[in-house]
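Here's a quick tour of a protein chain with a ligand. Have a look at the sequence and the 3D view first, then read on.

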Amino acid sequence: MPGPGAYLFGKEEMEAVVEVMKSGYLFRYGSENDPKFLHKVSTLEKEFAKYCEAKFALATTSGTASLVASVFALGLKPGDEIIVPAYTFVASYTSIIFAGMVPVLAEINESLTLDPDDIERKITPRTKAIMPVHMLGNPCDMDRIMSIAKKHKLLVVEDSCQAAGATYKGKKVGTIGNIGTFSLNIFKTINSGDGGLVVTNDDILYETAFGVHDQGHKPCRLGLEVGNRNILGLNFRMNELTAAVALAQLGKIDKILATLREKRSKFKKLISEANGFKFRTLNDPEGDCATICTVIFDTKEQAAKVSKMLCSKTVDNSGWHVYHNMEHVLNHLKNVGQPHTKGSYPKTDDILSRAMNISVGVVDGGLGSGWGININSTDAEIESAAKQFIIACKSI
Ligand SMILES: Cc1ncc(COP(=O)(O)O)c(C=O)c1O
């Protein structure tokens, strides 16, 4: 099973979908004079902007589409460099590559997010932006990242795809940098099967990202606007059915986060009696989504043994999200003269080889979190999982 929102699909999502079908308007644009047109996409944009306390939100077809629109919107030149962590989903890299820029990988630290110390080492005269990724729902160290960005005059595009609803020092992730992106795929906090969102407080970035997502059109077009377009765009438009599901899920997001936080704190407390590991650093313990409980063992041998006993995997072996498991990206990095072999990011390699992701709300083998609990786990199930983990730790 996937992310927490999917466990809570219910009559709210079903009724909303049926309502859209009955209206006859499935496209994001409809007849403004017809009361049957429900405006689900534009309502989602307004509601999500309100939820994030951002000036604008834009709905798209995926987190990847949100990243592509956002990176294009930065207005950078081909060959400009964007610093991105060596542990992230492949779309963080490919969005940069498709926009004609160069992803420059940097180390992560024990929060499993971008290491601010390494960002400064990776800055060159071509560096124009940083893409912090709030991995596993854990907000990055945004104070330090924003201060580095300010010092070096860099733009910041937040990949918040895994962290809808997370906050950093009281601010929703995605709204701290210049522009932020979200995914509504099945593994995320809330989901609509697929789908994405962009948030920003910047009028120009919004207008440009909107144009990229809709064939160069201005925001909320009512007609074809021939003669009024100056951006080349694509089609990343969300449809009304997707927005109907996303809106129903948005109505559940605070309940989802509160439930996950409560269950994770129970689980963490129970396993704290075991030895040989520590919890990953949380840059804002109050704001983390609590979708995952990541433990970092003292040695990689211990991590391998415990995860094997629990039929799970260490994070470096989890397949996705680890730079050296992305042969297509490595080939590209090689072609643009970037470090690309396994071992190029030794701190990241070391941490990921000692780390195990335990699911709390995102049950995803591709993230290494195939084992753990889920949003519906009872106290007895949480206690049982904790007991299994403690027994496995005793064997090391
Ligand atoms: C960190 C990160 N960025 C981007 C994406 C891309 O999102 P989508 O699958 O909606 O295109 C994902 C999805 O897994 C992700 O985890």
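## A strand pair

Two strands pair if DSSP finds at least two bridges between them. Keep in mind that what you're looking at is a predicted model. Here, strand β1 (residues 56–60) and strand β9 (residues 196–200) are joined by 5 bridges, and the two run antiparallel. If you want one spot to click on, try Leu-58, whose bridge partner in β9 is Val-198.

How many of the residues of β1 are buried? The count is 5 of 5, so to speak a mostly covered strand, where buried is taken as 20 or more other C-beta atoms within 10 Å of a residue's own. Both faces of β1 are covered. Phe-56, Leu-58 and Thr-60 sit on one side, Ala-57 and Ala-59 on the other, and all of them are buried.

## The chain as a whole

Zooming out, the chain holds 14 helices and 12 strands. For 396 residues, a compact globule would have a radius of gyration near 21 Å, and the chain agrees with that at 21 Å. Along the principal axes, its C-alpha atoms fill a box of roughly 70 × 55 × 35 Å.

As for packing, 54% of the 396 residues count as buried. Take the contacts between residues at least 6 apart in sequence: 69% of these join residues at least 24 apart.

## Two domains

The domain assignment splits the chain into domain 1 (4–250) and domain 2 (254–394). Their C-alpha centres lie 25 Å apart. The contact between them takes 36 residues from domain 1 and 38 residues from domain 2.

Which elements give two or more residues to the side of domain 1 that touches domain 2? They are α1 (4–7), α5, β3 (102–106) and β6 (167–168). By class, that side of domain 1 has 22 nonpolar, 9 polar and 5 charged residues.

## Around the ligand

Now for the ligand, which has 16 residues surrounding it. The closest are Ser-62, Gly-63, Thr-64, Phe-89 and Ser-183. Two elements, α4 (63–73) and α5 (90–98), give two or more residues to this shell. Of the elements, α4 gives the most, with 3 residues.

Sorted by class, the shell around the ligand comes out at 5 nonpolar, 9 polar and 2 charged residues. Helix α5 is worth a second look: α5 gives two or more residues to the ligand shell, and α5 also gives two or more to the side of domain 1 that touches domain 2.

Conventions: Residues are numbered from 1 along each chain as its sequence is written. This is a predicted model: local features need pLDDT of at least 70, side-chain atom pairs count only at pLDDT 80 or more; totals for chains, interfaces and linings use all residues. A residue is near a molecule or strand if its C-beta atom, placed from the backbone, lies within 6 Å of it. Helices (H or I, at least four residues) and strands (E, at least two) are DSSP runs, numbered from the N terminus. Ala, Val, Leu, Ile, Met, Phe, Trp, Tyr, Cys and Pro count as nonpolar, Asp, Glu, Lys and Arg as charged, and the others, Gly among them, as polar. The radius of gyration is taken over C-alpha atoms; the globule rule is 2.2 Å times the number of residues to the power 0.38. A residue is buried if 20 or more other C-beta atoms lie within 10 Å of its own, exposed if 12 or fewer, and partly exposed in between; C-beta atoms are placed from the backbone. Two residues are in contact if their C-beta atoms, placed from the backbone, lie within 7 Å. Domain bounds come from an automatic or database domain assignment.
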